[in-house]
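Visitor: I would like to learn how to read the arrangement of helices, strands and chains in a model such as this one. Where should we begin?

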Number of protein chains: 2
Amino acid sequence: MHHAILWSLTMIMFTMPHLDAQEKKVRIAIHGGAGTILKSNMSPEMEKQYRDALTGAITAGYKLLREGKSSMDAVEAVIRIMEDNPLFNAGKGSVFTHEGTNELDASIMDGRTLKAGAVAGVKHIKNPISLARMVMDQSQHVMMAGEGAESFARQHGVEMMPVEYFRTERRWQQLQEELEKEKSGGKINALPTLPIEKKFGTVGCVALDVNGDLASGTSTGGITNKKFGRVGDSPIIGAGTYANNATCAVSATGDGEYFIRSVVAHDVSSLMEYGKLSVQAAADTVVAKVGRIGGTGGVVCLDKGGRIALSFNTEGMYRAYIDEEGNPVVLIYK
Amino acid sequence: MHHAILWSLTMIMFTMPHLDAQEKKVRIAIHGGAGTILKSNMSPEMEKQYRDALTGAITAGYKLLREGKSSMDAVEAVIRIMEDNPLFNAGKGSVFTHEGTNELDASIMDGRTLKAGAVAGVKHIKNPISLARMVMDQSQHVMMAGEGAESFARQHGVEMMPVEYFRTERRWQQLQEELEKEKSGGKINALPTLPIEKKFGTVGCVALDVNGDLASGTSTGGITNKKFGRVGDSPIIGAGTYANNATCAVSATGDGEYFIRSVVAHDVSSLMEYGKLSVQAAADTVVAKVGRIGGTGGVVCLDKGGRIALSFNTEGMYRAYIDEEGNPVVLIYK
């Protein structure tokens, strides 16, 4: 028996290529939101801006993973880049609430330890994903909301911004259009309707590092004309974000309400763990299930073997990953 | 074939007893929190108070179900009763935050429609469970937090209370003890520690009505000396509360952080749906999984066939259900 094992190990050593941190399989995928994203509505200039932004973010994350950085570090760094880019509805480019403020949500989860951090409804945090990670690393809590979360941020020296930082002209105009529509439609506050042309401007990232550890994170500015302290799926562990080394890492973007009710991210993991589905089959199944109750959007998923699944039921989803040869693949439409 | 089906139907009709709303199988179970609840620490008077309160709540819920009320109505009514009772850490009896305020969380889910409602960090709502239901019924959202949730409540005429309503002497003393411990231990705010003698004063209810519809709900005042707008598992759909007619209804109580990370309530459902476990096996599996990452607490679960599972890994859990003969069973210790 011992000889047989030794022989097997020797064979493995001879047949495997020499692997260092640079050559081990690392994987990463991102999304920048899903919705009615049609080529017919997109100017070539705008499309180029999105493609460049997605390429920049995914390339930066891949570089960190290749350098041996953890999947948690890569996820945080990539989402910070996307939060800082006004193109995406997260961080700087966040949409406006009904009151003309910005309320940001984010969450992050470590597949190795099943530790997680989340913040909801913060108004001055430049990078909510980093605050979510700080909640995970520096407190005994998983989720903090509103002013309490900001007070924690201040105590920990997290970078805070005046509210003007989050004011971009494009998002301000979107709010004005929504308010105008609401007024002309005579809609009452009691039943706020979601915009018909829906774009779920969330950003998210899933990563697998050289140690085989999975992580995922999600960040958003929520929905334009948001009222009543509404919380969507992005800061909810199990709905917008989930990671577990035993199965997969998931980040979602879509109708937050339907995604919460469907516990989307954890359902992908459960279908793999208990239902023995592949990550692609699990992702497709969950997106179809959400669709059956009326929800639209998508997920980016990455399993422990490095398989990536990008599944959505909308016209488009801003998304990118690094292929087996190390090249960025950027996709927008169906 | 048609004759065979007709014969089968006829046989079923003859062999089934006549069922009216009063005789159809309805089921209900509740919890009033879990933790280091030891008979040696409990005075006979205190034990009687808890037993009477649990008996009163479960009996009222069962009566509603027998009258043909929906499981949603029963869950809401039972939790309102427990919220109004200062014995339980929910509604009137809520514990105090570090700042000496009360921040209440609740959620409810309808297993038939998979609709859900949740509120987090509300300070003036007499019955957070009813506000959670109103979020579900009267808005397009699932979750609202803080002042936004209160503004929604005001617009909808939900009963609001001055903060003094929530001030009970017993909870105030608990906060003073925690603050004293914190001061003497020289602990810094950055790493708030949870009390060693842990009691998770959450209330929850699961119900099955005459139509075979499941529902669940959970309500809490959180943890004593809570800081930074911490949100626990109680208002998180998938963690503290989940209901699905295809599987089960679940309400959890325990270390909120571990319960969020474990997506406890949805995991029970997933183990039944994909793993084909019974509700008891699923509940026991999930409580053991939470325990392995360091979390303590419990769940009350009810499957579509009316089977009840009450599982916990603490010394005690306040709990009650109605047995097959219609009698209340009230349990406290292991």
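Guide: Let us begin with how an angle is read: axes are lines fitted to C-alpha atoms, for helices over the stretch in contact, and angles run from 0 to 180 degrees between N-to-C directions. Please keep in mind throughout that this is a predicted model.

Visitor: At about what angle to β10(A) does helix α8 of chain A run?

Guide: Helix α8 (residues 264-273) of chain A runs at about 145 degrees to β10(A), and lies across β9, β10 (248-254) and β11 of chain A. Helix α9 (residues 279-292) of chain A, which lies across β10, β11 and β12 of chain A, runs at about 15 degrees to β12(A).

Visitor: How are the strands beneath such a description to be read, and in what order do they form the open sheet of chain A?

Guide: As a general idea, strands of a sheet pair through backbone hydrogen bonds, either parallel or antiparallel. Here 4 strands of chain A form an open sheet in the order β9-β10-β11-β12, and the pairing is antiparallel. At the edges stand β9 (241-243) and β12 (308-312) of chain A, each with a single partner strand, so one side of each is left without a neighbour in the sheet. On average, neighbouring strands of this sheet are turned by 10 degrees against each other, with direction ignored.

Visitor: How many bridges join β11 of chain A to β12(A)?

Guide: Strand β11 (residues 297-303) of chain A is joined to β12(A) by 5 bridges, and one residue pair to look for is A:Cys301 with its bridge partner A:Ala309 in β12(A).

Visitor: Which strand of chain B is joined by bridges to β8 of chain A?

Guide: That strand is β4(B), which runs antiparallel to β8 (residues 230-231) of chain A and is joined to it by 2 bridges. Within β4(B), B:Met143 is the bridge partner of A:Val231.

Visitor: How should I read the interface as a whole, and about how much area do chain B and chain A bury between them?

Guide: The size of an interface is often given as the accessible area lost when the parts come together. Chain B and chain A bury about 4000 Å² between them, 63% of it on carbon and sulfur atoms. B:Phe228, B:Arg261 and B:Tyr274 supply 20% of the area that chain B buries against chain A, more than any other three residues.

Visitor: How many salt bridges and how many residue pairs in polar contact are counted between the chains?

Guide: The rule finds 0 salt bridges across the interface of chain B and chain A, whereas 18 residue pairs are counted in polar contact between them, both residues at pLDDT 80 or more. By class, the side of chain B that touches chain A has 24 nonpolar, 17 polar and 8 charged residues.

Methods: Residues numbered from 1 in each chain as written. Chains lettered and ligands numbered in written order. Predicted model: local features only at pLDDT ≥ 70, side-chain atom pairs only at ≥ 80, totals over all residues. Heavy atoms only, no water. Buried area = accessible area lost by both parts, 1.4 Å probe. Salt bridge = Lys/Arg side-chain N within 4 Å of Asp/Glu carboxyl O. Polar contact = N/O pair within 3.5 Å; in protein donor to acceptor, adjacent residues only side chain to side chain. Nonpolar A, V, L, I, M, F, W, Y, C, P; charged D, E, K, R; others polar. Pairing = 2+ DSSP bridges. Contact = heavy atoms within 4.5 Å.
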